[in-house]
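Work through these exercises with the model open in your viewer. Each task is followed by a stepwise solution.

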Amino acid sequence: MPNEQLQNILQQMPKAELHIHIEGSLEPELIFELAQRNGVALAYKSVESLRNAYAFDNLQSFLDIYYAGASVLLTEQDFYDMTAAYLRRAALDNVRHAEIFFDPQTHTARGVPMHTVVDGIWRACQDGPISASLIMCFLRHLSEDEALATLEEALPLRGKIIGVGLDSSELGHPPEKFARVFERCRQLGLHLVAHAGEEGPPAYIETALDLLNVERIDHGVRCLEDPVLTKRLAREQIALTVCPLSNVKLRVFDHMGQHNLLDLLDAGLAVTINSDDPAYFGGYMNANFLAAFEALPLGLSHAHRLARNSFTASFLEPEAKRDFLAELDAVFATATATATATATATVG
Ligand code: ADE
Ligand code: ZN
């Protein structure tokens, strides 16, 4: 474990979460409760047996079970309850702002109307204890025409959505497949992000930047395989929304000690820490911070930088960013003064 002072700081520092799939926050207990409420049959007999199935070989083996879990979501209240539970949990980790991904096609394909999905999630965000906004993701294993149709369906709800993303099975579905729909979203003034370089090659990060014009890369950990790309990401300070527990659970890295988080930071990249699908990967925001800091030689200055990056890379208005950053810097000024005083007392 990181020392007690560092653990406390990791827990208490204000932070933003920029990579959370709301369907991935659906805990097994809530899956069973919603299944019962909606009369949906599950392939598992108990919460316990469902949780035991959470052992993954790769991204696809996770996605199969993740989409099955989402099948219990039918009504606006279901989407509200799932989102409210996440926001309450995130607040306990001192997440002050969340930019929440949702996968409408997972639900509209089952006959759930788009407005049921968006209104339920959005209403919880209005009521929630923390600031939150919504990013609508297109499923990359489906066609671009289906993504375009999804965008059209969402247009009446444009005011509730700040941006779009690209998720689901990465390999074999390069960003360029979605160039037209992302261009249309850019014209609509939506923020743009995409998963790239999680399982896919560094070339997917490059095409996400050049052909989709994304502002952040979700995951992006494979960028280090390409030194030219790494230099570019550092120069342009393109944020990477890294998800340490996810990367280990989905076998991107064999164990946390092999995660390249410190190398990414040392390369000057704008790295952030996030939970991805916390109900499936063993922990929310602070569990991700603690696991990474336990396994890697990371200290106070890294914690400060990671939390700063989370606000800087967010899509918050400049004034809100400034306020969160000032609050964060004050926490670290106090922590640094305490650490210095403790060291002086110990030496003296
Ligand atoms: N959907 C939910 N989690 C995902 C991940 N880690 N990668 C791609 N798509 C996802
Ligand atoms: Zn993700």
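**Exercise 1. Classify the site of the zinc ion (ligand 2) from the angles among its four donor atoms.**

Solution.
- Step 1: This is a predicted model. List the protein donors of ligand 2: His-19 (NE2), His-21 (NE2), His-195 (NE2) and Asp-276 (OD). They lie 2.0 to 2.3 Å from the ion.
- Step 2: Take the angles among the four donor atoms, which run from 81 to 173°.
- Step 3: Compare with the ideal. Four tetrahedral donors would give 109.5 degrees. To count as tetrahedral, all angles must lie between 85 and 135 degrees.
- Step 4: Conclude. The site of the zinc ion (ligand 2) is irregular.

**Exercise 2. Write the spacing of the zinc donors along the chain, and place His-21 and Asp-276 in the fold.**

Solution.
- Step 1: The spacing of the donors of ligand 2 reads H-x1-H-x173-H-x80-D.
- Step 2: His-21 belongs to strand E1 (residues 15-21). Asp-276 sits in the loop between strand E8 (270-273) and helix H14 (278-281).
- Step 3: The two are 255 residues apart, so the pair links distant parts of the chain.
- Step 4: Check burial: His-21 and Asp-276 are both buried.

**Exercise 3. Find which members of the largest nonpolar core touch the most other members.**

Solution.
- Step 1: The largest nonpolar core holds 113 residues.
- Step 2: Rank by members touched. Phe-138, Phe-182, Leu-261 and Tyr-280 come out with the most.
- Step 3: Expand Leu-261, leaving out residues up to four places away in sequence. Its contacts are Val-242, Val-271, Ile-273, Ala-292, Leu-296, Leu-298 and Leu-306.
- Step 4: Look for another core. A second, separate one has five residues, including Phe-101, Ile-135, Cys-137 and Phe-315.

**Exercise 4. How many disulfides does the structure hold?**

Solution.
- Step 1: A disulfide needs two cysteine sulfur atoms within 2.5 Å.
- Step 2: Test Cys-185. Its nearest cysteine sulfur, that of Cys-137, is 11 Å away. Cys-185 is buried, at 0% relative accessible area.
- Step 3: Test Cys-243. The nearest cysteine sulfur is again that of Cys-137, here 12 Å away. Cys-243 is buried too, with 0% relative accessibility.
- Step 4: The count for the structure is zero.

**Exercise 5. Compare the end-to-end span of helix H16 with the expected value.**

Solution.
- Step 1: H16 covers residues 300-312, which is 13 residues.
- Step 2: At 1.5 Å a residue, the expected span is 18 Å.
- Step 3: The end C-alpha atoms are 18 Å apart, so expectation and model agree.
- Step 4: Note the buried residues of H16, among them His-302, Leu-306 and Phe-311.

**Exercise 6. What is the sign of phi at Asn-213 and at His-219?**

Solution.
- Step 1: Most residues other than glycine have a negative phi.
- Step 2: Asn-213 has a positive phi, near 60°. Asn-213 lies in the loop between helix H10 (202-210) and strand E6 (216-219), and is partly exposed at 37% relative accessible area.
- Step 3: His-219 also has a positive phi, near 75°. His-219 is in strand E6 and is buried, with 0% relative accessibility.

**Exercise 7. Is Phe-178 buried or exposed, and which residues does it contact?**

Solution.
- Step 1: Phe-178 lies in the loop between strand E4 (163-167) and helix H9 (179-187).
- Step 2: Its relative accessible area is 0%, so Phe-178 is buried.
- Step 3: Setting aside neighbours within four places in sequence, the contacts of Phe-178 include Leu-139, Arg-140, Glu-144, Leu-166 and Leu-212.

Technical notes:
Residues numbered from 1 in each chain as written. Chains lettered and ligands numbered in written order. Predicted model: local features only at pLDDT ≥ 70, side-chain atom pairs only at ≥ 80, totals over all residues. Heavy atoms only, no water. Core = buried A, V, L, I, M, F, W, Y, C linked by side-chain atoms within 4.5 Å. Buried < 20%, exposed > 50% of the residue type's maximum accessible area, 1.4 Å probe, protein only. Contact = heavy atoms within 4.5 Å. Donors = N, O, S within 2.8 Å, 3.2 Å for Na, K, Ca; no water. Tetrahedral: all angles 85-135°; square planar, octahedral: opposite > 155°, others 65-115°. Helix = DSSP H or I, 4+ residues; strand = E, 2+ residues; numbered from the N terminus. Expected span 1.5 Å × (residues − 1).
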